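I opened the file to look up a few helix contacts, charged pairs and burial values. My notes follow in the order of the look-ups.

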Amino acid sequence: MNKLYIVTLTSFILLFGSCTDEFEELNENPNSPESVDPQFLLANVISVEADQNAYNQGFRLANYIQQFAASVEFERIDRYEMGTNSEYWNIIFQLLSDIKSMRELQGSNEAYNAIGDVMQSFLFSQLTDMWGDVPYTDAVNALEGQFTPAYDTQESIYTDSETGILVVLERAAATLENSNATINGDVMFNGDLNKWMRFANSLRLRYLLRISKRLTDYSEIQVLAESGKLMQSNADNAVLPYLTSAPNQYPMTLAALGLYQEHRMTATVDSVLTLWNDPRVEVLYKPTQVSINTGNPEFKGLVNGQDRETIAEKGIDLNDVSLFGAIFRDVPDGVDAQFMQYSEVQFALAEAVERGYISGDVQAYYEAGIAASFEYYDVELPTGYVSQESIVLNGTDNLNKILTQKWFSLISNGHEAWFNVRRTGIPNLKPGPDNLNNNKYPVRYLYPESEQATNSANYKAAAERIGGDNINSKGWWEKD
(Lines give C-alpha, C1' and ligand atoms only; values in the text may rest on other atoms or scores of the structure.)
Protein backbone atom coordinates (compact mmCIF):
# COMPACT_ATOMS: atom_id res chain seq x y z
CA MET A 1 0.00 0.00 0.00
CA ASN A 2 1.41 3.38 -1.01
CA LYS A 3 1.75 5.38 2.20
CA LEU A 4 1.83 8.73 0.42
CA TYR A 5 -1.56 7.92 -1.07
CA ILE A 6 -2.84 6.92 2.34
CA VAL A 7 -1.80 10.18 3.93
CA THR A 8 -3.38 12.12 1.08
CA LEU A 9 -6.59 10.16 1.56
CA THR A 10 -6.69 11.00 5.26
CA SER A 11 -6.22 14.68 4.53
CA PHE A 12 -9.14 14.51 2.12
CA ILE A 13 -11.31 12.77 4.70
CA LEU A 14 -10.50 15.31 7.40
CA LEU A 15 -11.15 18.19 5.01
CA PHE A 16 -14.38 16.60 3.81
CA GLY A 17 -15.50 16.14 7.40
CA SER A 18 -14.92 19.80 8.20
CA CYS A 19 -16.85 21.28 5.27
CA THR A 20 -20.32 20.31 6.45
CA ASP A 21 -22.13 23.35 5.13
CA GLU A 22 -20.88 23.08 1.55
CA PHE A 23 -21.55 19.35 1.25
CA GLU A 24 -24.82 19.14 3.18
CA GLU A 25 -26.92 18.57 0.09
CA LEU A 26 -24.52 16.00 -1.34
CA ASN A 27 -24.08 13.81 1.72
CA GLU A 28 -26.47 13.24 4.59
CA ASN A 29 -23.62 12.69 7.03
CA PRO A 30 -20.59 14.66 5.84
CA ASN A 31 -18.63 13.71 8.98
CA SER A 32 -18.73 10.04 7.89
CA PRO A 33 -17.82 9.82 4.20
CA GLU A 34 -19.67 6.65 3.26
CA SER A 35 -18.03 6.37 -0.16
CA VAL A 36 -14.70 5.53 1.49
CA ASP A 37 -14.07 1.87 2.22
CA PRO A 38 -12.86 1.10 5.78
CA GLN A 39 -9.82 -0.70 4.37
CA PHE A 40 -8.25 2.61 3.36
CA LEU A 41 -8.66 4.10 6.82
CA LEU A 42 -7.27 0.94 8.42
CA ALA A 43 -4.23 0.96 6.13
CA ASN A 44 -3.71 4.63 6.88
CA VAL A 45 -3.85 4.25 10.65
CA ILE A 46 -1.41 1.34 10.68
CA SER A 47 1.12 2.77 8.24
CA VAL A 48 1.17 6.36 9.52
CA GLU A 49 1.53 5.33 13.16
CA ALA A 50 4.12 2.65 12.36
CA ASP A 51 6.22 5.22 10.48
CA GLN A 52 5.84 7.77 13.26
CA ASN A 53 6.80 5.26 15.94
CA ALA A 54 9.85 4.04 14.04
CA TYR A 55 11.30 7.24 12.65
CA ASN A 56 10.12 10.61 13.96
CA GLN A 57 9.44 9.34 17.47
CA GLY A 58 11.82 6.40 17.73
CA PHE A 59 14.93 7.23 15.73
CA ARG A 60 14.88 11.02 15.75
CA LEU A 61 13.65 11.72 19.29
CA ALA A 62 13.47 8.80 21.69
CA ASN A 63 16.81 7.26 20.74
CA TYR A 64 18.46 10.27 22.37
CA ILE A 65 16.43 10.05 25.59
CA GLN A 66 16.96 6.28 25.71
CA GLN A 67 20.71 6.76 25.06
CA PHE A 68 20.90 4.73 21.90
CA ALA A 69 21.98 7.90 20.07
CA ALA A 70 24.11 10.88 21.11
CA SER A 71 23.95 14.26 19.38
CA VAL A 72 27.06 16.05 18.19
CA GLU A 73 25.56 19.53 17.84
CA PHE A 74 21.96 20.30 16.95
CA GLU A 75 19.56 17.85 18.60
CA ARG A 76 18.92 19.56 21.92
CA ILE A 77 16.61 16.79 23.11
CA ASP A 78 19.85 14.94 23.89
CA ARG A 79 20.36 17.65 26.52
CA TYR A 80 16.74 17.30 27.69
CA GLU A 81 15.19 20.27 25.96
CA MET A 82 12.04 18.22 25.48
CA GLY A 83 9.51 20.69 24.13
CA THR A 84 5.90 19.69 23.47
CA ASN A 85 6.15 17.14 20.64
CA SER A 86 2.86 18.68 19.56
CA GLU A 87 3.06 17.37 16.00
CA TYR A 88 2.78 13.82 17.31
CA TRP A 89 -0.07 14.80 19.66
CA ASN A 90 -1.97 16.16 16.65
CA ILE A 91 -1.21 13.13 14.48
CA ILE A 92 -2.49 10.79 17.19
CA PHE A 93 -5.78 12.64 17.44
CA GLN A 94 -6.13 12.64 13.65
CA LEU A 95 -5.62 8.87 13.61
CA LEU A 96 -8.11 8.43 16.45
CA SER A 97 -10.60 10.33 14.31
CA ASP A 98 -9.84 7.99 11.42
CA ILE A 99 -10.56 4.99 13.67
CA LYS A 100 -13.85 6.56 14.72
CA SER A 101 -14.78 7.12 11.05
CA MET A 102 -13.73 3.57 10.13
CA ARG A 103 -16.23 2.15 12.62
CA GLU A 104 -19.05 4.18 11.10
CA LEU A 105 -18.46 3.35 7.47
CA GLN A 106 -20.62 1.00 5.46
CA GLY A 107 -18.62 -2.19 5.08
CA SER A 108 -17.17 -2.08 8.56
CA ASN A 109 -17.61 -5.15 10.77
CA GLU A 110 -16.65 -6.58 14.16
CA ALA A 111 -13.10 -7.31 13.02
CA TYR A 112 -12.49 -3.75 11.85
CA ASN A 113 -13.95 -2.54 15.14
CA ALA A 114 -11.77 -4.85 17.23
CA ILE A 115 -8.61 -3.89 15.33
CA GLY A 116 -9.68 -0.28 15.76
CA ASP A 117 -9.81 -0.95 19.51
CA VAL A 118 -6.28 -2.38 19.44
CA MET A 119 -4.85 0.56 17.53
CA GLN A 120 -6.85 3.03 19.60
CA SER A 121 -5.48 1.49 22.79
CA PHE A 122 -1.93 1.75 21.46
CA LEU A 123 -2.44 5.39 20.50
CA PHE A 124 -3.95 6.35 23.84
CA SER A 125 -1.15 4.60 25.69
CA GLN A 126 1.27 6.74 23.71
CA LEU A 127 -0.59 9.87 24.74
CA THR A 128 -0.81 9.12 28.44
CA ASP A 129 2.71 7.71 28.77
CA MET A 130 4.24 10.72 27.03
CA TRP A 131 2.11 13.49 28.55
CA GLY A 132 0.31 12.09 31.64
CA ASP A 133 -3.37 12.92 32.08
CA VAL A 134 -4.87 13.44 28.61
CA PRO A 135 -8.26 13.57 26.90
CA TYR A 136 -9.60 10.02 26.65
CA THR A 137 -13.33 9.46 27.01
CA ASP A 138 -14.03 12.84 25.33
CA ALA A 139 -11.06 12.67 23.00
CA VAL A 140 -12.65 12.22 19.58
CA ASN A 141 -15.82 14.20 20.14
CA ALA A 142 -14.52 17.05 18.02
CA LEU A 143 -16.42 15.55 15.09
CA GLU A 144 -19.58 16.30 17.05
CA GLY A 145 -18.44 19.84 17.85
CA GLN A 146 -16.84 19.24 21.26
CA PHE A 147 -13.51 21.02 20.98
CA THR A 148 -12.66 21.29 24.68
CA PRO A 149 -12.40 17.69 25.90
CA ALA A 150 -11.82 16.98 29.57
CA TYR A 151 -8.59 15.24 30.61
CA ASP A 152 -8.89 11.78 32.15
CA THR A 153 -6.49 10.56 34.81
CA GLN A 154 -3.81 8.11 33.74
CA GLU A 155 -5.16 5.63 36.28
CA SER A 156 -8.64 5.64 34.73
CA ILE A 157 -7.25 5.55 31.18
CA TYR A 158 -5.60 2.23 31.97
CA THR A 159 -7.89 0.66 34.55
CA ASP A 160 -11.49 1.88 34.20
CA SER A 161 -13.63 -1.26 34.26
CA GLU A 162 -15.66 -0.22 31.20
CA THR A 163 -13.50 2.07 29.11
CA GLY A 164 -9.90 1.47 30.25
CA ILE A 165 -7.18 0.35 27.84
CA LEU A 166 -6.75 -2.99 29.58
CA VAL A 167 -10.39 -4.05 29.37
CA VAL A 168 -10.74 -2.71 25.82
CA LEU A 169 -7.80 -4.85 24.72
CA GLU A 170 -9.22 -7.89 26.51
CA ARG A 171 -12.56 -7.53 24.72
CA ALA A 172 -10.85 -6.90 21.38
CA ALA A 173 -8.72 -10.04 21.75
CA ALA A 174 -11.81 -12.14 22.52
CA THR A 175 -13.61 -10.76 19.46
CA LEU A 176 -10.65 -11.35 17.17
CA GLU A 177 -10.20 -14.90 18.44
CA ASN A 178 -13.80 -15.83 17.67
CA SER A 179 -14.63 -13.72 14.63
CA ASN A 180 -15.19 -15.12 11.16
CA ALA A 181 -15.28 -11.64 9.62
CA THR A 182 -12.81 -10.65 6.93
CA ILE A 183 -10.97 -7.38 6.47
CA ASN A 184 -8.93 -5.63 3.80
CA GLY A 185 -6.30 -2.94 4.13
CA ASP A 186 -4.35 -4.78 6.83
CA VAL A 187 -0.84 -3.82 5.73
CA MET A 188 0.74 -5.38 8.84
CA PHE A 189 -0.82 -8.84 9.31
CA ASN A 190 -2.54 -9.28 5.93
CA GLY A 191 -5.94 -9.94 7.47
CA ASP A 192 -4.73 -12.60 9.94
CA LEU A 193 -7.03 -12.02 12.91
CA ASN A 194 -5.14 -14.58 14.99
CA LYS A 195 -2.02 -12.40 14.83
CA TRP A 196 -4.08 -9.36 15.79
CA MET A 197 -5.40 -11.34 18.76
CA ARG A 198 -1.84 -12.18 19.83
CA PHE A 199 -0.80 -8.55 19.40
CA ALA A 200 -3.75 -7.37 21.53
CA ASN A 201 -2.89 -9.82 24.31
CA SER A 202 0.82 -8.95 24.13
CA LEU A 203 -0.02 -5.25 24.44
CA ARG A 204 -2.13 -6.07 27.48
CA LEU A 205 0.90 -7.81 29.00
CA ARG A 206 3.01 -4.72 28.21
CA TYR A 207 0.54 -2.42 29.95
CA LEU A 208 -0.05 -4.68 32.95
CA LEU A 209 3.67 -4.60 33.54
CA ARG A 210 3.66 -0.85 32.91
CA ILE A 211 1.28 -0.29 35.84
CA SER A 212 2.64 -3.15 37.96
CA LYS A 213 3.75 -0.81 40.78
CA ARG A 214 0.10 0.05 41.30
CA LEU A 215 -1.18 -3.55 41.17
CA THR A 216 -1.68 -5.98 44.03
CA ASP A 217 -3.16 -8.80 41.96
CA TYR A 218 -1.01 -10.22 39.14
CA SER A 219 -3.33 -13.03 38.14
CA GLU A 220 -4.04 -11.45 34.74
CA ILE A 221 -0.35 -11.70 33.89
CA GLN A 222 -0.30 -15.34 34.98
CA VAL A 223 -3.34 -16.13 32.84
CA LEU A 224 -1.74 -14.47 29.82
CA ALA A 225 1.54 -16.30 30.39
CA GLU A 226 -0.26 -19.66 30.39
CA SER A 227 -2.80 -18.87 27.67
CA GLY A 228 -0.79 -19.69 24.58
CA LYS A 229 -2.33 -16.52 23.13
CA LEU A 230 0.66 -14.19 23.26
CA MET A 231 3.15 -13.72 20.42
CA GLN A 232 4.78 -17.11 19.85
CA SER A 233 7.77 -16.18 17.68
CA ASN A 234 9.16 -13.41 15.50
CA ALA A 235 6.59 -14.46 12.91
CA ASP A 236 4.02 -12.75 15.15
CA ASN A 237 5.94 -9.47 15.46
CA ALA A 238 3.80 -6.38 15.04
CA VAL A 239 6.06 -4.69 12.50
CA LEU A 240 5.54 -3.07 9.11
CA PRO A 241 8.48 -3.53 6.72
CA TYR A 242 9.78 -0.56 4.81
CA LEU A 243 10.17 -1.10 1.06
CA THR A 244 12.94 -0.51 -1.47
CA SER A 245 11.14 2.19 -3.43
CA ALA A 246 9.94 5.70 -2.56
CA PRO A 247 7.85 6.84 -0.79
CA ASN A 248 7.91 3.70 1.36
CA GLN A 249 11.63 3.66 2.10
CA TYR A 250 12.95 4.18 5.61
CA PRO A 251 13.01 8.00 5.81
CA MET A 252 16.63 8.22 7.02
CA THR A 253 17.81 6.76 3.72
CA LEU A 254 16.40 9.86 2.00
CA ALA A 255 17.39 12.43 4.65
CA ALA A 256 20.29 14.85 4.49
CA LEU A 257 23.68 13.39 5.37
CA GLY A 258 24.04 15.87 8.20
CA LEU A 259 20.94 14.55 9.93
CA TYR A 260 22.28 11.01 9.76
CA GLN A 261 25.66 12.11 11.09
CA GLU A 262 23.96 13.82 14.03
CA HIS A 263 23.07 10.39 15.45
CA ARG A 264 26.08 8.68 17.04
CA MET A 265 26.62 5.54 19.05
CA THR A 266 26.52 6.34 22.76
CA ALA A 267 29.04 5.58 25.47
CA THR A 268 26.19 3.76 27.23
CA VAL A 269 25.61 1.35 24.35
CA ASP A 270 29.36 1.00 23.81
CA SER A 271 29.96 -0.03 27.42
CA VAL A 272 27.05 -2.47 27.52
CA LEU A 273 27.78 -4.22 24.23
CA THR A 274 31.49 -4.41 25.01
CA LEU A 275 30.67 -6.00 28.38
CA TRP A 276 28.43 -8.51 26.63
CA ASN A 277 30.81 -9.20 23.69
CA ASP A 278 27.69 -8.64 21.64
CA PRO A 279 27.87 -9.01 17.83
CA ARG A 280 24.60 -7.13 17.30
CA VAL A 281 26.79 -4.02 17.39
CA GLU A 282 27.98 -4.87 13.87
CA VAL A 283 24.46 -4.51 12.50
CA LEU A 284 23.17 -1.59 14.56
CA TYR A 285 26.27 0.62 14.35
CA LYS A 286 29.30 1.18 12.10
CA PRO A 287 32.98 1.05 13.01
CA THR A 288 34.54 4.50 13.28
CA GLN A 289 36.03 5.95 10.13
CA VAL A 290 39.39 6.41 11.85
CA SER A 291 39.53 2.74 12.80
CA ILE A 292 38.53 1.66 9.31
CA ASN A 293 41.31 3.81 7.83
CA THR A 294 43.89 2.16 10.10
CA GLY A 295 42.65 -1.31 9.18
CA ASN A 296 41.48 -2.16 12.70
CA PRO A 297 37.70 -1.57 12.80
CA GLU A 298 36.41 -0.54 16.22
CA PHE A 299 33.17 0.78 17.65
CA LYS A 300 33.26 3.82 19.89
CA GLY A 301 30.50 5.74 21.62
CA LEU A 302 29.98 9.36 22.63
CA VAL A 303 28.75 10.54 26.03
CA ASN A 304 25.19 11.85 25.80
CA GLY A 305 24.22 15.42 26.57
CA GLN A 306 27.32 17.34 25.47
CA ASP A 307 27.18 20.58 23.56
CA ARG A 308 29.55 21.25 20.67
CA GLU A 309 31.81 23.44 22.82
CA THR A 310 32.36 20.61 25.28
CA ILE A 311 33.03 18.16 22.45
CA ALA A 312 35.56 20.59 20.98
CA GLU A 313 37.23 21.29 24.33
CA LYS A 314 37.68 17.56 24.93
CA GLY A 315 39.33 17.20 21.52
CA ILE A 316 36.87 14.52 20.47
CA ASP A 317 37.41 13.45 16.87
CA LEU A 318 33.94 12.76 15.50
CA ASN A 319 35.48 10.57 12.81
CA ASP A 320 36.43 8.31 15.70
CA VAL A 321 32.83 7.94 16.92
CA SER A 322 30.52 5.32 15.43
CA LEU A 323 27.52 6.14 13.28
CA PHE A 324 24.35 4.06 13.13
CA GLY A 325 24.50 0.93 11.00
CA ALA A 326 23.91 0.53 7.28
CA ILE A 327 20.40 -0.80 7.91
CA PHE A 328 19.39 2.69 9.04
CA ARG A 329 20.97 4.63 6.18
CA ASP A 330 22.31 2.65 3.24
CA VAL A 331 19.58 0.04 2.82
CA PRO A 332 16.11 1.49 2.00
CA ASP A 333 14.31 -1.51 3.48
CA GLY A 334 16.90 -2.36 6.12
CA VAL A 335 14.58 -1.91 9.10
CA ASP A 336 10.94 -2.41 10.01
CA ALA A 337 8.56 0.09 11.54
CA GLN A 338 7.94 -1.56 14.89
CA PHE A 339 5.02 -1.67 17.27
CA MET A 340 6.12 -4.71 19.26
CA GLN A 341 8.44 -7.69 19.00
CA TYR A 342 8.20 -11.21 20.39
CA SER A 343 11.46 -10.59 22.30
CA GLU A 344 9.73 -7.92 24.40
CA VAL A 345 7.03 -10.40 25.39
CA GLN A 346 9.64 -12.89 26.58
CA PHE A 347 11.59 -10.28 28.55
CA ALA A 348 8.33 -9.08 30.12
CA LEU A 349 7.50 -12.58 31.28
CA ALA A 350 11.06 -13.06 32.58
CA GLU A 351 10.75 -9.86 34.61
CA ALA A 352 7.35 -10.90 35.97
CA VAL A 353 8.76 -14.23 37.17
CA GLU A 354 11.90 -12.65 38.62
CA ARG A 355 9.81 -10.15 40.59
CA GLY A 356 7.57 -12.92 41.89
CA TYR A 357 4.46 -11.65 40.11
CA ILE A 358 3.93 -15.00 38.38
CA SER A 359 5.34 -18.51 38.39
CA GLY A 360 7.36 -19.77 35.45
CA ASP A 361 10.84 -20.48 34.13
CA VAL A 362 12.69 -17.16 34.21
CA GLN A 363 15.73 -18.63 32.46
CA ALA A 364 13.64 -19.96 29.57
CA TYR A 365 11.84 -16.65 29.06
CA TYR A 366 15.08 -14.67 29.30
CA GLU A 367 17.01 -16.84 26.88
CA ALA A 368 14.07 -16.88 24.45
CA GLY A 369 14.04 -13.09 24.49
CA ILE A 370 17.75 -12.88 23.75
CA ALA A 371 17.53 -15.49 20.98
CA ALA A 372 14.57 -13.71 19.41
CA SER A 373 16.39 -10.37 19.36
CA PHE A 374 19.44 -11.93 17.68
CA GLU A 375 17.19 -13.69 15.15
CA TYR A 376 15.32 -10.46 14.42
CA TYR A 377 18.57 -8.75 13.40
CA ASP A 378 19.76 -11.87 11.56
CA VAL A 379 22.78 -12.20 13.85
CA GLU A 380 24.02 -15.61 14.94
CA LEU A 381 23.85 -16.11 18.70
CA PRO A 382 27.43 -16.94 19.73
CA THR A 383 28.11 -20.16 21.58
CA GLY A 384 28.45 -19.38 25.27
CA TYR A 385 26.90 -15.90 24.97
CA VAL A 386 24.26 -16.45 27.67
CA SER A 387 26.72 -18.12 30.03
CA GLN A 388 28.91 -15.02 30.33
CA GLU A 389 29.08 -13.60 33.85
CA SER A 390 27.63 -10.30 32.63
CA ILE A 391 24.61 -12.06 31.12
CA VAL A 392 23.89 -15.35 32.91
CA LEU A 393 21.08 -15.43 35.47
CA ASN A 394 22.97 -16.75 38.48
CA GLY A 395 21.20 -14.88 41.25
CA THR A 396 23.52 -11.90 40.99
CA ASP A 397 21.74 -8.85 39.63
CA ASN A 398 19.23 -10.92 37.64
CA LEU A 399 16.67 -8.13 37.25
CA ASN A 400 19.26 -5.69 35.97
CA LYS A 401 20.43 -8.23 33.38
CA ILE A 402 16.89 -8.96 32.17
CA LEU A 403 15.88 -5.31 31.90
CA THR A 404 19.11 -4.19 30.24
CA GLN A 405 18.69 -6.84 27.55
CA LYS A 406 15.09 -5.70 27.15
CA TRP A 407 16.20 -2.06 26.91
CA PHE A 408 18.62 -2.81 24.10
CA SER A 409 16.06 -4.90 22.21
CA LEU A 410 13.79 -1.84 22.06
CA ILE A 411 16.17 0.37 20.06
CA SER A 412 14.18 2.65 17.70
CA ASN A 413 10.85 1.19 18.87
CA GLY A 414 9.28 4.55 19.62
CA HIS A 415 9.57 5.65 23.24
CA GLU A 416 9.07 2.16 24.68
CA ALA A 417 12.56 1.88 26.18
CA TRP A 418 12.05 5.31 27.81
CA PHE A 419 8.83 4.12 29.43
CA ASN A 420 10.64 1.07 30.81
CA VAL A 421 13.57 3.09 32.13
CA ARG A 422 11.15 5.47 33.86
CA ARG A 423 9.32 2.55 35.46
CA THR A 424 12.33 0.52 36.54
CA GLY A 425 15.38 2.80 36.61
CA ILE A 426 17.21 0.15 34.56
CA PRO A 427 19.58 0.79 32.99
CA ASN A 428 20.66 3.79 35.03
CA LEU A 429 20.83 6.43 32.31
CA LYS A 430 22.77 9.41 33.63
CA PRO A 431 22.15 12.93 32.27
CA GLY A 432 25.00 14.32 30.21
CA PRO A 433 27.29 17.09 31.43
CA ASP A 434 25.50 19.86 29.51
CA ASN A 435 21.94 18.76 30.22
CA LEU A 436 19.32 21.47 30.64
CA ASN A 437 17.26 19.76 33.36
CA ASN A 438 19.35 20.13 36.51
CA ASN A 439 20.75 16.60 36.19
CA LYS A 440 17.29 15.03 36.26
CA TYR A 441 16.10 12.36 33.83
CA PRO A 442 12.94 13.69 32.07
CA VAL A 443 9.67 11.77 32.33
CA ARG A 444 7.27 13.56 29.98
CA TYR A 445 6.79 16.11 27.23
CA LEU A 446 5.09 19.44 27.83
CA TYR A 447 1.43 19.78 26.87
CA PRO A 448 1.01 21.38 23.42
CA GLU A 449 0.61 25.15 23.44
CA SER A 450 -2.62 24.72 21.47
CA GLU A 451 -4.15 23.04 24.51
CA GLN A 452 -3.25 26.00 26.68
CA ALA A 453 -4.84 28.35 24.15
CA THR A 454 -8.02 26.49 23.17
CA ASN A 455 -8.70 24.13 26.07
CA SER A 456 -7.39 26.28 28.88
CA ALA A 457 -9.66 25.24 31.76
CA ASN A 458 -9.15 21.51 31.22
CA TYR A 459 -5.43 22.01 30.57
CA LYS A 460 -4.97 23.93 33.83
CA ALA A 461 -6.89 21.33 35.83
CA ALA A 462 -4.79 18.50 34.38
CA ALA A 463 -1.49 20.35 34.85
CA GLU A 464 -2.31 21.04 38.49
CA ARG A 465 -3.37 17.44 39.06
CA ILE A 466 -0.13 15.92 37.73
CA GLY A 467 2.10 18.30 39.68
CA GLY A 468 2.72 20.94 37.04
CA ASP A 469 3.24 21.04 33.30
CA ASN A 470 6.97 20.37 33.38
CA ILE A 471 9.15 17.53 32.15
CA ASN A 472 9.73 16.15 35.67
CA SER A 473 6.11 15.52 36.74
CA LYS A 474 5.86 11.75 37.11
CA GLY A 475 2.80 9.85 35.96
CA TRP A 476 0.57 7.67 38.11
CA TRP A 477 2.23 4.37 37.21
CA GLU A 478 5.82 5.52 37.77
CA LYS A 479 5.55 7.34 41.08
CA ASP A 480 7.37 5.67 43.96
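Entry 1. At what angle do the axes of helix H6 and helix H7 cross, and within what distance do they come? I note beforehand that this is a predicted model. Helix H6 covers residues 165–178 and helix H7 covers residues 193–210; I read a crossing of roughly 160 degrees, with the axes coming within 8 Å. Since angles over 145 degrees count as roughly antiparallel, I log H6 and H7 as roughly antiparallel to each other. The handedness of their crossing is left-handed.

I then listed who makes the contact. From H6 I have Ile-165, Leu-166, Leu-169, Glu-170, Ala-173, Leu-176 and Glu-177. From H7 I have Leu-193, Trp-196, Met-197, Ala-200, Asn-201, Leu-203, Arg-204, Tyr-207 and Leu-208. By class, the residues of this contact are 12 nonpolar, 1 polar and 3 charged.

Entry 2. How many salt bridges does a search of the whole structure find? The search returns 22. I looked at three of them, as follows.

Lys-100 and Glu-104 form one of these pairs, at 3.6 Å from N to O. Both residues sit in helix H3 (residues 86–104), 4 residues apart, which is about one turn of the helix. I checked burial for each partner. Lys-100 has 17% relative accessibility and therefore counts as buried, while Glu-104, at 39%, counts as partly exposed.

Next I took Glu-416 with Arg-210, where the closest N and O atoms are 2.8 Å apart. Glu-416 belongs to helix H17 (residues 416–424) and Arg-210 to H7, so this bridge ties together parts 206 residues apart in sequence. Both Glu-416 and Arg-210 are buried. I also find the two in a network of salt bridges that links Asp-129, Arg-206, Arg-210, Glu-344 and Glu-416.

The third pair is Lys-213 with Asp-480, at 3.6 Å from N to O. Lys-213 is in the loop between H7 and helix H8 (219–227), and Asp-480 is in the segment after helix H19 (456–466), so the pair ties together parts 267 residues apart in sequence. For accessibility I read 35% at Lys-213, which is partly exposed, and 82% at Asp-480, which counts as exposed.

Entry 3. Glu-416 led me to H17. How many residues of H17 are buried? The count is 9 of the 9, so H17 is largely enclosed by the rest of the structure. Besides Glu-416, the buried residues include Trp-418, Phe-419, Arg-422 and Arg-423. Which helices do the buried residues of H17 pack against? I get helix H2 (38–65), helix H4 (110–131), H7, helix H14 (342–354) and helix H16 (398–409). Just after H17 comes Gly-425, with a positive phi near 75 degrees.

Entry 4. I moved on to Asn-439, in the loop between H17 and helix H18 (449–454). Is Asn-439 buried or exposed? At 59% relative accessibility it counts as exposed. Leaving aside neighbours within four places in sequence, I find Asn-439 in contact with Pro-431 and Gly-432. I also looked up its C-alpha distance to Arg-79: 9.7 Å, for two residues 360 apart along the chain.

Terms used. Residues numbered from 1 in each chain as written. Predicted model: local features only at pLDDT ≥ 70, side-chain atom pairs only at ≥ 80, totals over all residues. Heavy atoms only, no water. Axes fitted to C-alpha atoms, helices over the stretch in contact; angles between N-to-C directions. Helix = DSSP H or I, 4+ residues; strand = E, 2+ residues; numbered from the N terminus. Parallel < 35°, antiparallel > 145°, perpendicular 65-115°, else oblique. Left-handed = near helix turned anticlockwise from the far one by under 90°. Contact = heavy atoms within 4.5 Å. Nonpolar A, V, L, I, M, F, W, Y, C, P; charged D, E, K, R; others polar. Salt bridge = Lys/Arg side-chain N within 4 Å of Asp/Glu carboxyl O. Buried < 20%, exposed > 50% of the residue type's maximum accessible area, 1.4 Å probe, protein only.
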